[in-house]
Amino acid sequence: MDFNSIDWNAMWLEESGRAHWKDNMSSKALWDRRADSFDKRINRVRDGESRDKDDYISKMLDHIEVKPGWTVLDIGCGPGTLAIPLAQKADRVTGLDISPEMLKRLRANAEKAGLDNIKYLNSSWQDAFAKGLLNSHDVVVASRSLMSGDMKAALTHIISITRQAAYITFPIVHLPFDFEAYEAIGRNKKKHPPYIYILNMLYQMGIHANVEVLYSRVKTQFPSVEQAMEDIQWRTDPFVLEEKNKLQEFLKKKFAEQKSAPPFTHEGKSQWALIWWRNVN
Ligand SMILES: C[S@@+](CC[C@H](N)C(=O)[O-])C[C@H]1O[C@@H](n2cnc3c(N)ncnc32)[C@H](O)[C@@H]1O
C-alpha cells in the first residue's frame, strides 16, 4: 500500500455520514430559515459592534489576496460575509449560494455598499459544477460552506476553475457550545471528519496546499432556554424527547450559573483550518 492508493474520499464520505450535522448542512430550506439571523450577525460583526466578537472575517480577509482586475468566485457566499469586502477590491465577484434568501441579503448588502459588480448565482455547488455553470475565476473562495457532500468532486472542480489561488475553510472546533450540549445529552460519538483528508486529497491531485489554523473568538448569546434549544437543534438530527429533556435541564443549569441577567452568554474559541494554494505560473 502507498499513500496514493488510499481512497481518502471514501473515508471522508464515511465519516461525514456519521457526523452530527449530516446532509442537512446543504439543505436550502435550512439556510433560507437562517438567512435573516446570519445576515444580522454578519452585519453586526462588520459594523464592529461588540456584541459579536467573531474575528473570523477579518482573519480571512487578511489572507485572501485580490489584485485589481481579478475576478472572485465565492461558493456558499451567504449574505456576503466575504463577497462584499472582496467586491470592493475585485473587478467582479460571483456569489453562489443554494439559498435564495441568503442571496436576497447579499443583494441588499451590495446595494447598501454601492456595489454593482456582483453576479448572483442561485444553485448548489454540486449542480453548478455538474451543469458547467461556472467559468474560471482568479480567486475561488469556499468559506464555511463545504460542510457536506463529495469533497473530492468539489476539490476537482475548484482546481479546474482556479486561475490564481483558492481558499477553503473547514472546521476543527466549530461552535464549542454545541459540542458541550451534545455531550451533555449523550450524543458524544459523532463529529465531522478532520480537515486533514482535504489536504491528502489535494496532494493526490498534485496540489501542495498551505494550511493555517484560524483561532477565532466566538460569543453566543441566547435570550431564553427555548431559543438556545432551537439554535442548537437546527444543525443536527432532531432530538428525541429524552434528549430534549436532558438539553433543557443542561441549559437551565447553565443559565442559572450565570450571575447576570439573560441573555445567557457563552464565550469560546473556534478553530478553522484555512486550506489555500496558489497556482505557480
Ligand atoms: C455557514 S454559511 C457561510 C457563509 C459565508 N461563506 C461565511 O463564511 O460566512 C454556509 C453557506 O453555504 C451555503 N450552502 C450550503 N450548502 C451549499 C451547497 N451545497 N451549495 C451552495 N451553497 C451552499 C448556505 O446557504 C450558506 O449561505
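Two strands count as paired here if DSSP finds at least two bridges between them. Hello everyone, and please keep that rule in mind, because two strands need at least two bridges to be called a pair. The model we are looking at is a predicted one.

Let me start with the sheet. How many strands form the open sheet, and in what order? There are seven, running β3-β2-β1-β4-β5-β7-β6, and the pairing is mixed. At the edges sit β3, residues 118-122, and β6, each of which pairs on one side only. On average, neighbouring strands in this sheet are turned by 20 degrees against each other, with direction ignored. As a reminder for anyone new to this, strands of a sheet pair through backbone hydrogen bonds, and they do so either parallel or antiparallel.

Now find strand β1, residues 71-75. Is β1 mostly covered or mostly open? Mostly covered: five of its five residues are buried. If you look at the side chains, T71, L73 and I75 point one way, while V72 and D74 point the other way. Both groups are buried.

What are the partners of β1? One is strand β2, residues 92-97, which runs parallel to β1 and is joined to it by five bridges. The other one I want to show you is strand β4, residues 137-142, also parallel to β1, with three bridges between them. D74 is a handy landmark here. Facing D74 in β2 is G95, and facing D74 in β4 is V141.

Let's move along the sheet to β7, residues 264-278. With strand β5, residues 162-173, β7 pairs in the antiparallel sense over eight bridges. Which residues can you use to follow this pairing by eye? Try A165, which stands opposite R278 in β7, and then F170, which stands opposite A273 in β7. Strand β6, residues 210-222, is antiparallel to β7 as well, and 13 bridges join the two. On that side, Y215 is the residue facing Q271 in β7.

Next, the ligand. Which of the 18 residues around the ligand come nearest? They are W31, G76, G78, T81 and S143. As for the elements that contribute, β2 and α6, residues 125-130, each supply at least two residues of the shell. Sorting the shell by character gives six nonpolar residues, 10 polar ones and two charged ones.

On to the helices, where I have two pairs for you. Helix α7, residues 151-161, and helix α9, residues 196-204, have axes that come within 10 Å of each other and cross at roughly 50 degrees. That angle makes α7 oblique to α9. The crossing of α7 past α9 is right-handed.

The second pair is helix α10, residues 225-233, with helix α11, residues 241-257. They pack at an angle of about 125 degrees, and their axes are 10 Å apart. So α10 and α11 are oblique to each other. Here too, the crossing is right-handed.

I'll finish with three single residues. The first one on my list is R144, in the loop between β4 and α7. Most residues other than glycine have a negative phi. R144 has a positive value, with phi near 60 degrees. Why does R144 count as partly exposed? Because it has 18 C-beta neighbours inside 10 Å, and being buried would take 20 or more.

Then there is K246, back in helix α11. K246 has 17 C-beta neighbours inside 10 Å, so it too is partly exposed. If you want a sense of distance, K246 and H137 are 109 residues apart in sequence, and their C-alpha atoms are 48 Å apart in space.

Last comes P85, which you will find in helix α4, residues 83-87. Is P85 buried or partly exposed? With 19 other C-beta atoms within 10 Å, P85 is partly exposed. From P85 to V213 the separation is 128 residues in sequence and 22 Å in space, C-alpha to C-alpha.

That's my tour. Thanks for listening, and do turn the structure around for yourselves.

Note on methods. Residues numbered from 1 in each chain as written. Predicted model: local features only at pLDDT ≥ 70, side-chain atom pairs only at ≥ 80, totals over all residues. Helix = DSSP H or I, 4+ residues; strand = E, 2+ residues; numbered from the N terminus. Buried ≥ 20, exposed ≤ 12 C-beta atoms within 10 Å, placed from the backbone. Near = placed C-beta within 6 Å. Nonpolar A, V, L, I, M, F, W, Y, C, P; charged D, E, K, R; others polar. Axes fitted to C-alpha atoms, helices over the stretch in contact; angles between N-to-C directions. Parallel < 35°, antiparallel > 145°, perpendicular 65-115°, else oblique. Left-handed = near helix turned anticlockwise from the far one by under 90°.
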